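Hello,

Here is the structure I said I would pass on. Please look at it first; my notes on its aromatic rings follow below.

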Amino acid sequence: MQTQSLSTRRSPLFLRLALGYVYLHFGLLKFFPDLSPAELIATQTVMAFSMNLLDATTAQFYLAILETAIGLGLIFNAFPRLIFGMFIFHMFGTFLPMFLLPEFAFKIPPFAPSLEGQYILKNVVYVATGWTVLMPEVFTRKQEKCSVGEQPTGIPIIKTTRNPERMEYEKILA
């Protein structure tokens with residue numbers, strides 16, 4: 001049986017809290033005009049993606065709600081599947097300026113990113129962090145509680161006696 005060190009077990013917790021704090025902080029900044037350094041590129045991207053159905057103020061408000069909700073969900077580890085979906089949607093949106101607004105993202109497309117482009121490219125780290133902390137929560141099945149010696153339903157087992165001194169169990173997936 002392998003045992004994990006305390007730091008190994010706590011690493012995803014610290015990653016989740018750090019990512020949650022960044023999302024919460026950036027989300028709260030967007031509730032107040034002219035405080036977010038990404039305000040212009042974020043609102044312009046949402047406006048371009050929505051084909052100008054949303055104005056800049058509305059786009060910024062929706063982004064503020066989205067980022068704040070993701071941050072709170074990460075911090076409190078609430079609704080991981082919903083937060084994962086919101087996170088993936090948001091990360092998709094953060095890379096859109098590279099394609100929809102290259103004049104904001106690059107000095108010389110696609111080789112020399114502007115400061116805003118570098119801000120966008122650092123989101124690769126967010127994707128890796130989000131994947132690390134959210135995937136185990138989202139894609140692990142909740143095991144049914146059962147007494148010792150019983151198997152959760154849905155996973156049939158067959159007892160085999162390859163070694164007469166001990167019984168081995170094989171999982172057979174239907």
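Tyr-23, Phe-87 and Tyr-126 come together in one aromatic cluster. Please keep in mind that this is a predicted model.

Across the whole structure, a search turns up six aromatic pairs. One of them joins Tyr-23 and Tyr-126, whose ring centres are 6.3 Å apart, with 40 degrees between the planes. That angle makes the pair tilted, because stacked is kept for planes under 30 degrees apart and edge-to-face for those over 60. Tyr-23 belongs to helix H1 (residues 6–29) and Tyr-126 to helix H8 (residues 123–138), so this pair ties together parts that are 103 residues apart in sequence.

Are these two tyrosines, Tyr-23 and Tyr-126, buried or exposed? Tyr-23 has a relative accessible area of 3%, so it is buried. Tyr-126 is buried too, at 16%, because the cut-off for buried is under 20%.

Another pair is made by Phe-61 and Tyr-62. Their ring centres lie 6.3 Å apart and their planes meet at 50 degrees, so this pair is tilted. Phe-61 has a relative accessible area of 42% and is partly exposed. Tyr-62, at 48% relative accessibility, also counts as partly exposed, because values have to be over 50% to count as exposed.

The last item concerns a charge and a ring. Lys-122 sits over the face of Tyr-119, at 4.3 Å from the ring centre.

To find your way around, start with the cluster of Tyr-23, Phe-87 and Tyr-126, then go to Phe-61 and Tyr-62, and then to Lys-122 and Tyr-119.

Regards

Methods
Residues numbered from 1 in each chain as written. Predicted model: local features only at pLDDT ≥ 70, side-chain atom pairs only at ≥ 80, totals over all residues. Heavy atoms only, no water. Phe/Tyr/Trp six-rings, centres within 6.5 Å; stacked < 30°, edge-to-face > 60°. Helix = DSSP H or I, 4+ residues; strand = E, 2+ residues; numbered from the N terminus. Buried < 20%, exposed > 50% of the residue type's maximum accessible area, 1.4 Å probe, protein only. Lys NZ or Arg CZ within 6 Å of the ring centre and 35° of its normal.
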